[in-house]
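Reader: I've got this model open and would like a close look at one part of it. Could you take me through one helix and what follows it, and then set that against the rest of the chain?

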Amino acid sequence: MIVHETELRVQYYETDQMGVVHHSNYIRYFEVGRTELIRRLGMSYRELEDSGTVMPITNVEVRYFYPARYDEMIRIKIVVKEMPKVRMVFHYEIYNETGKLLADGSTTLAFLNKETGRPQRTPEVMVRLLSGYFDV
């Protein structure tokens, strides 16, 4: 299992007139966490794409419990529970500065060949990066 956490401050433009984060931004927060997790593993999304693989989202789920607010620090916790085959599932929890769970959810991303657009197995470079976390 892989666990990673990223922190960021809620920006004014992410909120509504009441200073509450608009619901669509939680999916953006998921992406920030996911991107930083991939980078922490040793590769950027750009490098993965340059190697011939893209990872479009095929499913997003979000549950909202409490609002994040302007200028709060939030913590995005990302968990990958199993070695991917042709899809990779990321689980998220978003907490405010007091540790209150604000939202949770998941995204499923598929591995596609960049040129053909066809599904492919997890690229070997990603298998190598993940092998320290999962039995392969």
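Author: Here is a walk through helix α1, the loop after it, one strand residue for contrast, and then the chain as a whole.

Keep in mind that this is a predicted model. Helix α1 covers residues 25-41. Its 17 residues, at 1.5 Å a residue, should span 24 Å, and the end C-alpha atoms do sit 24 Å apart, so the length agrees with what you'd expect.

Now for the side of α1 that is hidden away. Starting from the front of the helix, Asn 25, Tyr 26, Tyr 29 and Phe 30 are among its buried residues. Further along, the buried list also includes Gly 33, Arg 34 and Thr 35, and towards the end come Leu 37, Ile 38 and Leu 41. So there are aromatic residues on that list, such as Tyr 29 and Phe 30, but also an arginine, Arg 34.

Step off the end of α1 and you meet Gly 42, which takes a positive phi of about 120°. A little further on is Ser 44, in the loop between α1 and α2, the latter being residues 45-50. Is Ser 44 buried or exposed? Ser 44 has a relative accessible area of 14%, and because buried means under 20%, it counts as buried. Leaving aside neighbours within four places in sequence, Ser 44 is in contact with Ile 38 and Arg 39. Ile 38 and Arg 39 both belong to α1, which runs over residues 25-41, and Ile 38 is itself buried.

For contrast, try Val 89, which lies in strand β5, residues 87-95. Val 89 has 30% relative accessibility, so it counts as partly exposed. Not counting residues up to four places away in sequence, Val 89 touches Val 79, Val 80, Thr 107 and Thr 108. Arg 63 is 26 residues from Val 89 along the chain, and their C-alpha atoms are separated by 16 Å.

Zooming out, the chain has 3 helices and 7 strands, arranged along the sequence as β-α-α-β-β-β-β-β-β-α. Among contacts between residues at least 6 apart in sequence, 68% join residues at least 24 apart. Of the 136 residues, 43% count as buried. A compact globule with 136 residues would have a radius of gyration near 14 Å, and the chain's 16 Å agrees with that. The C-alpha trace spans about 45 × 30 × 20 Å along its principal axes. As for charge, there are 18 positive and 19 negative side chains, with the centres of the two sets 4 Å apart.

Note on methods: Residues numbered from 1 in each chain as written. Predicted model: local features only at pLDDT ≥ 70, side-chain atom pairs only at ≥ 80, totals over all residues. Heavy atoms only, no water. Helix = DSSP H or I, 4+ residues; strand = E, 2+ residues; numbered from the N terminus. Rg over C-alpha atoms; globule rule 2.2 N^0.38 Å. Buried < 20%, exposed > 50% of the residue type's maximum accessible area, 1.4 Å probe, protein only. Contact = heavy atoms within 4.5 Å. Lys, Arg positive; Asp, Glu negative; His and termini not counted. Charge placed at Lys NZ, Arg CZ, Asp CG, Glu CD. Expected span 1.5 Å × (residues − 1).
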